[in-house]
Amino acid sequence: MLSVFAALSFAAVERHVQWQARIEQGAASGTGTLVLTAEVESGWHIYGLEMPEGGQEAGIPDPTEVTVDDAAGLVVGPLTASVSPDVHFDSFMNLELPWLSGRFELRRELRLDGVEGARVAGNVRYMACNNNSCTPPDRFYFDLVLGDSAAAAVITPSVADNAAQTTVSAADSRTAQWWAPVEVSTGPTTQSYWAILLFGFLGGLVALMTPCIWPMIPMTVSFFLKRSKSRGRAIGDAITYAGSILVIFLVLGIVLTLIFGPGKLNEIATGAVFNLIFFAMLVFFAISFFGAFEITLPSKWTNAADARAGSAGGVLGIFFMAFTLVLVSFSCTGPIIGTLLVEAFSQSNLMGPLLGMGGFALGLALPFGLFAFFPSMLKELPRSGSWLNTVKVVLGFIELILSLKFLSVADLAYGWHILDREVFLSLWIVLFALLGVYLLGKLRFSHDGPSEHTSVGRFFMALISFAFAVYLVPGLWGAPLKAISAFAPPLYTQDFNLYGGEFTKYDDYDRGMAAAAAEGKPVLLDFSGYACVNCRKMEGAVFDTPTVRAIIEQDYVMIELMVDDKTELPEPMVVEEEGRTVRLTTVGDKWSYLQRHKFSTNQQPFYILLDNEGQPLSQPRAHDENVGAFVAWLENGVEAYSNK
């Protein structure tokens, strides 16, 4: 699985609701109403204040909520809406869901008890949706006063006041200078797009060698050659068939892209819930490939498509034949597509699923066209047999091996420490060893046939699997294992390390900048992420080389900031961004905001050299494993710093 897929690139959150907040003073002294006016973009809606029972476990969205922070002497009434929600039937969940759209107000009655004034602070939590997609849950923050403002300031300081210790203070001129925005070039790269396409293409080729599809290649192509009076017509029909497969999977990629949208992708890449779901999905697929059960679609779907293919003529009939192939082969292609989409969605942009599915369809459909052009090649194909089942089981081992990567992402982001590096490597060593044992015929599953001998191909595959397991063993004592640096947890999670520790890194921007100023050194600032596979690759391929390590240790202070660190801040940070107040609650939120605010980008990995005033010494760098170019970049930074 290509490492590029988990490189993080956070898309800007879409917002389709405009909010305004005010306090309406009541007729009686010390009473009032919190009024939140919403203007929902045409074609969009938010959910009502009450939702059907079941909660998120059943996939039901959360209701729109208005939370008012506790304040001494402030009594808050129930939440009401100025309009009744429209009820819409959701066919996917088979439920009627309440929608709020257009312009409306949310209201909460307020009363002061024993005080002259109180700060009314809190937020609205909502999710905006249209007929195709939803944005992630968002919040609108408000901070108002009921009654005497002077009394409110004394009795209940605002959230912003409480966060003064953690926000960037203008009184500290040096800190403000470090956080001040700078202009740098952060042009996008297309390298990952090619990787997604290639990975999808390879997935399509692997899908060909499964029991559901392989036997259909000669049968289908021979049918087209016999169906037409001329070879040219047969070739045209086969190309149409292959093109139909491509169109079907592309449409599937587009639909999934529209459903998830860009706002979901950062959550998918870094959230514990999504990564645990992906982990469970891959384990589920692996168990299926081991023969415990088959993933199949309802038979009436395939029967209906097959009947339509037989009744329709011309291009339409060929299209339905292709659609039938897609449905019939789902038990084999489903797990492969699932793995592909897991990785494609980890690439936080809309092109991921589209290119992944397009590459998969191309790899799956291309052989049908080639065999139609060169029918003599059909005679060279190996016959169906037990080797096809071996392919499925090997894929099951691969699914199980890769599933640990997603469990590791959640483990790192939330600091659970249940899958530290040595535990991760131990599991991989066992799985690769078991794969080798299976390939030698010493481990059999229920659907495996008898094997009287081990073929040469299986022997060499087993040899590779055993050799890789042996290669991993030194990692239990801290060996770098650069070949898997993109997947394994970082070295700092290793409890026992005989190979030496990492060089000193600061995980706090302000402390790191202060240390650099005290030592008179420039700063190497690294915006990284626990879920960022390209970040791990850069660490293994570039940062662990003796030359790069020596330059950083001698000439730089390194600051590594994890933008997906879920550790709660001691106090929330309240900042202004794009004309709205935003509350940052986790360490990752803080560093992600710093990157957006100072450098106007949010892609990882992102490396930049700074002087002691927080100004860039050169243009930033992204994922590029050219060690020589990275060394030259570091040396030029040292020279630029000395010339200041």
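1. A residue is called buried when its relative accessible area is under 20%. Phe606, at 1% relative accessibility, therefore counts as buried in this predicted model. The notes below start from this residue and its aromatic partner, and then turn to other aromatic contacts, a surface patch and the salt bridges.

2. Phe606 pairs with Phe599. The ring centres are 5.6 Å apart and the planes meet at 50°, so the pair is tilted. Phe599 is likewise buried, with a relative accessible area of 1%.

3. Phe599 belongs to helix H19, which covers residues 587–599. The helix has 13 residues and reaches 18 Å from its first C-alpha to its last, close to the 18 Å expected at 1.5 Å a residue. H19 is mostly covered, with ten of its 13 residues buried. Among the buried residues are Trp591, Tyr593, Leu594 and Phe599, but also Lys590, Gln595 and Lys598. Just after the helix, Ser600 has a positive phi of about 55°.

4. The structure holds 20 aromatic pairs in total. One of these joins Phe543 and Tyr607: the ring centres lie 5.4 Å apart with the planes at 45°, so this pair is tilted. The contact links distant parts of the chain, since Phe543 is in helix H17 (residues 533–543) and Tyr607 is in strand S17 (residues 606–610), 64 residues apart. Both Phe543 and Tyr607 are buried.

5. Elsewhere, five aromatic residues form one cluster: Phe424, Trp428, Phe432, Phe468 and Tyr471. A contact of another kind involves Tyr438, where the charged end of Arg458 sits over the ring, 5.6 Å from its centre.

6. On the surface, Leu276, Tyr414, Trp416 and Ile418 make a nonpolar patch of about 370 Å². Leu276 lies in helix H8, residues 272–289. Its relative accessibility is 32%, so Leu276 counts as partly exposed.

7. There are 13 salt bridges in the structure. In one of them, Glu39 meets Arg103, with the closest N and O atoms 2.9 Å apart. This bridge also links distant parts of the chain: Glu39 is in strand S2 (residues 31–40) and Arg103 is in strand S8 (residues 103–112), 64 residues apart. At 36% relative accessibility Glu39 is partly exposed, whereas Arg103 is exposed, with a relative accessible area of 57%.

8. Two further salt bridges can be set beside that one. Asp507 and Arg511 meet through their side chains at 3.2 Å, N to O, and both residues are exposed. Asp624 and Arg621 form a salt bridge in which the closest N and O atoms are 2.9 Å apart. Asp624 is partly exposed, with a relative accessible area of 33%. Arg621 has 17% relative accessibility and so counts as buried, the cut-off being under 20%.

9. Salt bridges also join into a network, made up of Arg22, Glu24, Glu105 and Arg107. Glu105 and Arg107 fall within the residue range of strand S8, residues 103–112, the strand that holds Arg103 of the bridge to Glu39.

Conventions. Residues numbered from 1 in each chain as written. Predicted model: local features only at pLDDT ≥ 70, side-chain atom pairs only at ≥ 80, totals over all residues. Heavy atoms only, no water. Helix = DSSP H or I, 4+ residues; strand = E, 2+ residues; numbered from the N terminus. Expected span 1.5 Å × (residues − 1). Buried < 20%, exposed > 50% of the residue type's maximum accessible area, 1.4 Å probe, protein only. Phe/Tyr/Trp six-rings, centres within 6.5 Å; stacked < 30°, edge-to-face > 60°. Lys NZ or Arg CZ within 6 Å of the ring centre and 35° of its normal. Patch = residues over 30% accessible without salt bridge, like charges linked within 9 Å, V, L, I, M, F, W, Y side chains within 5 Å. Areas by Shrake-Rupley, 256 points an atom, 1.4 Å probe, with all protein chains shown as cover. Salt bridge = Lys/Arg side-chain N within 4 Å of Asp/Glu carboxyl O.
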